[in-house]
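Hi,

Here is the structure I promised to pass on. Have a look at it first, and then read my notes below.

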Amino acid sequence: MVQVETSIEQLYENVCDMQSSDQSPSRQSFGSYGEESRIDSELHHLAGGESTEVEIMKGEEQEVDKPEDDSRSNSSSKKGSSSSGKKSGLLDKPRPTGVKSISSGDVKKVSRPQLDSEASTKPNVKGKTPPEKPPINKGKVKTLKKPNTGVLPMKKGKGSKLQNGTEDASESGLGNPDLGPFLLKQARDLVSAGDNPQKALELALRAAKSYELCSSGKPNLELVMCLHVTAAIYCSLGQYNEAIPLLEQSIEIPVIEEGQEHALAKFAGHMQLGDTYAMLGQLENSITCYSTGFEVQKRVLGETDPRVGETCRYLAEAHMQALQFDEAQRLCQMALDIHRENGTPASLEEAADRRLMGLICETKGDHEAALEHLVLARMAMVANSQEAEVASVDCSIGDAYLSLSRYDEAVFAYQKALTAFKTTKGENHPAIGSVFVRLADLYYRTGKLRESTSYCENALRIYEKPMPGIPPEEIATGLTDVSAIYESMNDLDQAIKLLQKALKIYNDVPGQQSTVAGIEAQMGVMYYMLGNYSESYNSFSSAISKLRICRDKKSAFFGIALNQMGLACVQRYAIKEAVELFEEAKSILEQECGPYHPDTLSVYSNLAGTYDAIGRYA
């Protein structure tokens, strides 16, 4: 699953397409303008960017010349409002972005249309081939020059407070219906140019307030769109908690009974809110939002629409991230059935479904089924000329062979992937390092430690001097993978050093608290094995505090972490604390794994020993 993108270019991926039912270009967006705007000097003053406020003159009108402004020509986004003369189109799913990959063989995402300042063209009716992004500034429509017209008077009144609690002199003009679209366009232009995102946020907040004042309490889809954009700007600044209330507000506004456009807005809000929760590591809340949006989409499109299948697959990825493999498998099978029913044999959609199903089966230990799905996915990708993705599938096929102890076939699959990656990505790409790690694991399992160590060193040379433009979390993932090999070789000091490097990288990446907690827990285990019980306790304590916030507190992983921390407490003679941790671990593992699971039995044994130590013999 892909790294979350919150740039302005990705903003409208969280708002679905509503195109006209004919093959004409899409309708004008919420933020676009006609040939003439009725806001003159005040709005042009904002466009110039020389002042942060619009001064409203009370009881006075000014005579100004309206300048030509090509930038306000036909700027429109395909996430647009509907025009009265056109029929509603189909509801497209905005592919949410808040879930990470389980392995380097990530499920290929069907590309989604992106935000642009030009009118977009209508996508394929089946929603399988999104339109290409049209070039920026492809054409301009000049606005008519308006000679010496008077500025429309703005009512001076008490302005309501912005989201950040501030109020400025221009609040009294927010009731002007032209002000919201203008401010929002300025915010989008600022962020697109990479200039002053804080100023863009201020403009977007004022635009939202203007839309809210002009809506007069009625459902206003322009306000919904503005809230989505404002929330995305907050996310781009790393202020995810500030985005959540805006998205919650945007979900409450649309009324599904009003038509597909309202369903579109509600669906997009749920998915974007799910992405935001995922970035905070709150997977349970994220899945709840995705599931609610999924139900809205099914209600509007029906249960067999291809886009419903894409949402099924995405929701399956989210459940897999949350270690809920049975539900992930059910949803992935649903997606596979929908795409096989609607698409041609061996379609790209079916290939993506099978690729994910292969990962799920592999994780559940059904390696033969995983191999079958992955081989079929590879064949479909080759048939659709997707050679660039075949190498990643070859890695997953090698993993399945390795799990089945078919080592020669695993080496062959890995070598094919290695050759392809070197050709397409270069000698020092982290994808090459991921294949080296797999080969290191294979040779360790077959007892060839020298070859295993050599491949680990080759991988580290890539990860320690990464190519420019590589996401930092991809490097951190590689370091943790190599660390696991060194841990298997019982070189715990080297393993801990690599985890510390990975931890430093992840701490600088937003939305990675769950991953950081997992690394800290693993470091706690290794410190315990080295006899450094104080460091072990500290690592577990930090990990569990994060898990209580960002992960389902009833997961088996959480129960195991509590048990491990309890053992560290025993070694530090903190017996009462150990009892509390073992008791909490017991209640979780009994529910998640059952009373006869080996992990649950281990907790029983540990708890019995601590009860004996404090005299609770019964």
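What follows is a short account of what I found.

First, a caveat: this is a predicted model.

On the overall picture, the protein chain has 618 residues, and 52% of them count as buried. Its secondary structure comes to 22 helices and 2 strands. If you take the contacts with a separation of 6 or more, 68% of them are between residues 24 or more positions apart. The chain exposes about 27300 Å², with carbon and sulfur atoms supplying 49% of that.

I spent most of my time on helix 13, which runs over residues 407-425. Does its length add up, or what should we expect for it? With 19 residues at 1.5 Å a residue, helix 13 should span 27 Å, and its end C-alpha atoms are 26 Å apart, so the two agree.

Which residues of helix 13 are buried? They are A410, V411, A413, Y414, A417, L418 and F421. These buried residues cover an arc of only 160° around the axis, so they sit on the same side of helix 13. Their cover includes helix 12 (387-403) and helix 14 (430-445). Turn the helix around and, on the face away from the buried side, you'll find the exposed residues D408, F412, T419 and T423. Just after helix 13 comes G426, with a positive phi of about 100°.

Two other residues have a positive phi without being glycines, and both are worth a click.

- L323 has a phi of about 65°. It lies in the loop between helix 8 (306-321) and helix 9 (325-342). Its relative accessible area is 43%, so L323 counts as partly exposed.
- N490 has a phi near 70°. You'll find N490 in the loop between helix 16 (472-488) and helix 17 (492-506). Here the relative accessible area is 56%, so N490 counts as exposed.

Last, the surface. V375, L376 and M379 form a nonpolar patch there, and together they have about 240 Å² of accessible area. M379 belongs to helix 11 (residues 367-383). Is M379 buried or exposed? Its relative accessibility is 52%, and exposed means over 50%, so M379 counts as exposed.

That's everything from my side.

Cheers

Terms used
Residues numbered from 1 in each chain as written. Predicted model: local features only at pLDDT ≥ 70, side-chain atom pairs only at ≥ 80, totals over all residues. Heavy atoms only, no water. Patch = residues over 30% accessible without salt bridge, like charges linked within 9 Å, V, L, I, M, F, W, Y side chains within 5 Å. Areas by Shrake-Rupley, 256 points an atom, 1.4 Å probe, with all protein chains shown as cover. Salt bridge = Lys/Arg side-chain N within 4 Å of Asp/Glu carboxyl O. Helix = DSSP H or I, 4+ residues; strand = E, 2+ residues; numbered from the N terminus. Buried < 20%, exposed > 50% of the residue type's maximum accessible area, 1.4 Å probe, protein only. Expected span 1.5 Å × (residues − 1). Arc of directions from axis to C-beta. Contact = heavy atoms within 4.5 Å.
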